[in-house]
Amino acid sequence: MKLNNVDFDTYFKNYPTNDGYFGKYGGAYIPDELKEAMVEIRDAYQTICKSSKFISELRRIRKEFQGRPTPVSHLDRLSQSLGNGVQLYVKREDLNHTGAHKINNALGQALLVKRMGKTRVIAETGAGQHGVATATVCALMNMQCIVY
């Protein structure tokens, strides 16, 4: 499959590199204490992202629990007020379970962690919504959650 000149049949075979780069972009500073854990997560992800069972389970959870796909809504009155044939639409991410897009990432992360045989998830949040989404998903999957 090609999208924007990216051949996704070969993309994941080439990227990210062992150093975490996507072409000239990417990489990360990781404290020495976390490097081993990050390698474990990377290796697990490289295996699981190609698993049709994982992808099917993630799609099922997104549909039945998260509320995906969220609808696209036409903004009729705003479109009319702008005139000139303008038609505005919004993707209703606020209708996701927990009220934001953060649950998209949290579902995949928690499912990966569960497949790795782990029993808890640790999350850091600056704004709070990521912590809410992570805690919600952990409750769904009967996992311990610690939010900093």
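In this predicted model, helices H5 and H6 pack at an angle of about 40°, and their axes lie 9 Å apart. That angle makes H5 oblique to H6. The two helices cross in a right-handed sense. On the H5 side, the residues that meet the partner helix are Lys102, Ile103, Ala106, Leu107, Gln109 and Ala110, and on the H6 side they are Gln129, His130, Ala133, Thr134, Val137 and Leu140. Sorted by class, this contact holds 7 nonpolar, 4 polar and 1 charged residues.

Let's turn to the other helix pair. Helix H3, residues 52-66, packs against helix H5, residues 102-115, at an angle of about 135°, with 11 Å between the axes. H3 is therefore oblique to H5. H3 passes H5 in a right-handed crossing. From H3, the contact draws on Lys53, Phe54, Glu57, Leu58, Ile61, Arg62, Phe65 and Gln66; from H5, it draws on Ile103, Asn104, Leu107, Gly108, Leu111, Leu112 and Arg115. The residues where H3 and H5 meet divide into 8 nonpolar, 3 polar and 4 charged.

Here are the two packings side by side.

| Helix pair | Angle | Axis separation |
|---|---|---|
| H5 and H6 | about 40° | 9 Å |
| H3 and H5 | about 135° | 11 Å |

Two residues from these helices deserve a visit. His130 sits in helix H6, which spans residues 129-140. Is His130 buried or exposed? With a relative accessibility of 18%, His130 counts as buried, because the cut-off for that class is under 20%. Setting aside residues up to four places away in sequence, His130 touches Lys102, Gln109, Ala123, Glu124 and Thr125. Of these, Lys102 and Gln109 are among the H5 residues that meet H6.

Phe65 lies in helix H3. At 24% relative accessibility, Phe65 counts as partly exposed. Which residues does Phe65 contact, leaving aside its neighbours within four places in sequence? They are Arg60, His97, Ile103, Thr136 and Leu140. Ile103 is also listed among the H5 residues that meet H3, and Ile103 appears again among those of H5 that meet H6. Leu140, for its part, is one of the H6 residues in the contact with H5. If you want a distance to check in the viewer, the C-alpha atoms of Phe65 and Asn105 are 14 Å apart, with their positions 40 residues apart along the chain.

Next come the loops. Gly67 is found in the loop between H3 and strand E5, residues 72-74. Gly67 has a relative accessibility of 35% and so counts as partly exposed. Pro69 belongs to the loop between H3 and E5 as well. What is the form of the peptide bond from Arg68 to Pro69? That bond is cis, with omega near -5°.

Glu93, in the loop between E6 and H5, links up with this region. The C-alpha atoms of Glu93 and Arg68 are separated by 9.2 Å, though the two residues are 25 apart along the chain. For Gly67 and Glu93, 26 residues apart along the chain, the C-alpha separation is 9.7 Å. Not counting residues up to four places away in sequence, Glu93 touches Arg68, Thr70, Gly99, Ala100, His101 and Asn104. Asn104 is one of the H5 residues that meet H3.

Two asparagines have backbone angles to look at. Asn84 lies in the loop between helix H4 (76-82) and strand E6 (89-91), and its phi is near 55°, a positive value in a residue other than glycine. Asn84 counts as exposed at 80% relative accessibility. Asn142, in the loop between H6 and strand E8 (144-147), has a positive phi near 55°, again in a residue other than glycine. With a relative accessible area of 72%, Asn142 is exposed.

Finally, the cysteines. How many disulfides does the model contain? The count is 0 disulfides, taking a pair of cysteine sulfur atoms within 2.5 Å as the rule. Cys138 is in no disulfide, and the nearest cysteine sulfur, that of Cys145, is 4.1 Å away. Cys138 counts as buried, with a relative accessibility of 1%. Cys49 is also classed as buried, at 15% relative accessibility.

Conventions: Residues numbered from 1 in each chain as written. Predicted model: local features only at pLDDT ≥ 70, side-chain atom pairs only at ≥ 80, totals over all residues. Heavy atoms only, no water. Buried < 20%, exposed > 50% of the residue type's maximum accessible area, 1.4 Å probe, protein only. Axes fitted to C-alpha atoms, helices over the stretch in contact; angles between N-to-C directions. Helix = DSSP H or I, 4+ residues; strand = E, 2+ residues; numbered from the N terminus. Parallel < 35°, antiparallel > 145°, perpendicular 65-115°, else oblique. Left-handed = near helix turned anticlockwise from the far one by under 90°. Contact = heavy atoms within 4.5 Å. Nonpolar A, V, L, I, M, F, W, Y, C, P; charged D, E, K, R; others polar.
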